[in-house]
Amino acid sequence: MLSEKWKKRLSRWFKLRFAILYPLGVWAIISGYPTDESIVHAVWLIVPGLLIRSWANCYAIKMEKLTTCGPYTHVRHPLYLGSFLIMLGFLVMLNVNLLISLICVATVIGVIYQSTIKKEERMLLTKFGQEYLEYCQAVPAFFPRFRPFRGVGQWGFSIERYFKSQEYKLVIWVIILMIAFHLKEDFIMEGEGSYTKM
């Protein structure tokens, strides 16, 4: 019999977002051809995405309190915003056409994450009521506002929350993938060089 931990892991694989994200990722990896230039351009999207997600996880107290501090003073869903930038960055790194990249990522966010976001917002509305309604009216869901929102739930930055969220695992995976794509770029260049010598 499978343990509860493995049942949870297997159930994740059958969720819509993973059913679309994984094949999309495999397609991008196989068809993409990274270059030094595309890797540099990608860093300008991936690093801010990781920083936004890390910043958010240093403040988020999920479902216990309404988090309205840190990046949550500017945008309601900083984790999804960070994920958007990371996904777009990897598509840029793999030299997938920019318009196709934007369409792919917008589809993932719009179709897959939209239902997750709505579900989360219904839960927050049920738990925090009017306080959450006022927050929603003041702070946009995805496109940040420049002036920070001053809500009631204000607390400080906590590195302990960051490690508890295990966000560092994403950072490690991103670094591994970037090294792998850089090696792929080297392999492609070596292959082209040996082909021209023939």
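Cys58 is buried in this predicted model, at 2% relative accessibility. Cys136 is partly exposed, and its relative accessible area is 22%. The burial cut-off is 20%, so Cys136, at 22%, does not count as buried. The count of disulfides comes to 0. A disulfide would require two cysteine sulfur atoms within 2.5 Å.

The fold is helical. The chain holds 8 helices and 0 strands. Read from the N terminus, the order of elements is α-α-α-α-α-α-α-α. The chain has 198 residues, of which 38% count as buried. Contacts between residues at least 6 apart in sequence were also examined; 78% of them join residues at least 24 apart. The exposed area of the chain is about 12,700 Å². Carbon and sulfur atoms supply 68% of that area.

Helix H4 covers residues 78–93 and has 16 residues. From its first C-alpha to its last, H4 reaches 22 Å. That span is close to the 22 Å expected at 1.5 Å a residue. How many of the residues of H4 are buried? The count is 16 of the 16, so H4 is largely enclosed by the rest of the structure. After H4 comes Asn95, with a positive phi near 60°.

In soluble globular proteins, nonpolar side chains tend to be buried together. Here the largest nonpolar core has 26 residues. The residues with the most contacts inside this core are Ile46, Phe84, Phe90, Met93, Val105, Val174 and Met178. Four elements are listed as giving two or more residues to the core: helix H3 (36–57), H4, helix H5 (98–128) and helix H8 (167–197). Which of them gives the largest share? H4 does, with 10 residues. Ile46 shows how the core is joined. With its neighbours within four places in sequence set aside, Ile46 is in contact with Leu85, Ile86, Gly89, Phe90, Met93, Val174 and Met178. A second core, separate from this one, has 11 residues. Among them are Leu79, Phe128, Tyr132 and Phe149.

Aromatic contacts form a further theme. The count of aromatic pairs comes to 6. One of them joins Phe142 and Phe143, with ring centres 5.8 Å apart and planes at 90°. This pair is edge-to-face. The two partners differ in burial. Phe142 counts as buried because its relative accessibility is 17%, whereas Phe143 counts as exposed because its value is 66%. Tyr162 and Phe163 form another edge-to-face pair, 5.2 Å centre to centre, with 85° between the planes. Tyr162 is buried at 11% relative accessibility. Phe163 is partly exposed at 46%. Angles over 60 degrees count as edge-to-face, so the 85° of Tyr162 and Phe163 meets that cut-off.

Phe84 links two of these topics. Phe84 forms one aromatic cluster with Phe142 and Phe143. Phe84 is also one of the residues with the most contacts inside the largest nonpolar core.

Methods: Residues numbered from 1 in each chain as written. Predicted model: local features only at pLDDT ≥ 70, side-chain atom pairs only at ≥ 80, totals over all residues. Heavy atoms only, no water. Phe/Tyr/Trp six-rings, centres within 6.5 Å; stacked < 30°, edge-to-face > 60°. Buried < 20%, exposed > 50% of the residue type's maximum accessible area, 1.4 Å probe, protein only. Contact = heavy atoms within 4.5 Å. Areas by Shrake-Rupley, 256 points an atom, 1.4 Å probe, with all protein chains shown as cover. Expected span 1.5 Å × (residues − 1). Core = buried A, V, L, I, M, F, W, Y, C linked by side-chain atoms within 4.5 Å.
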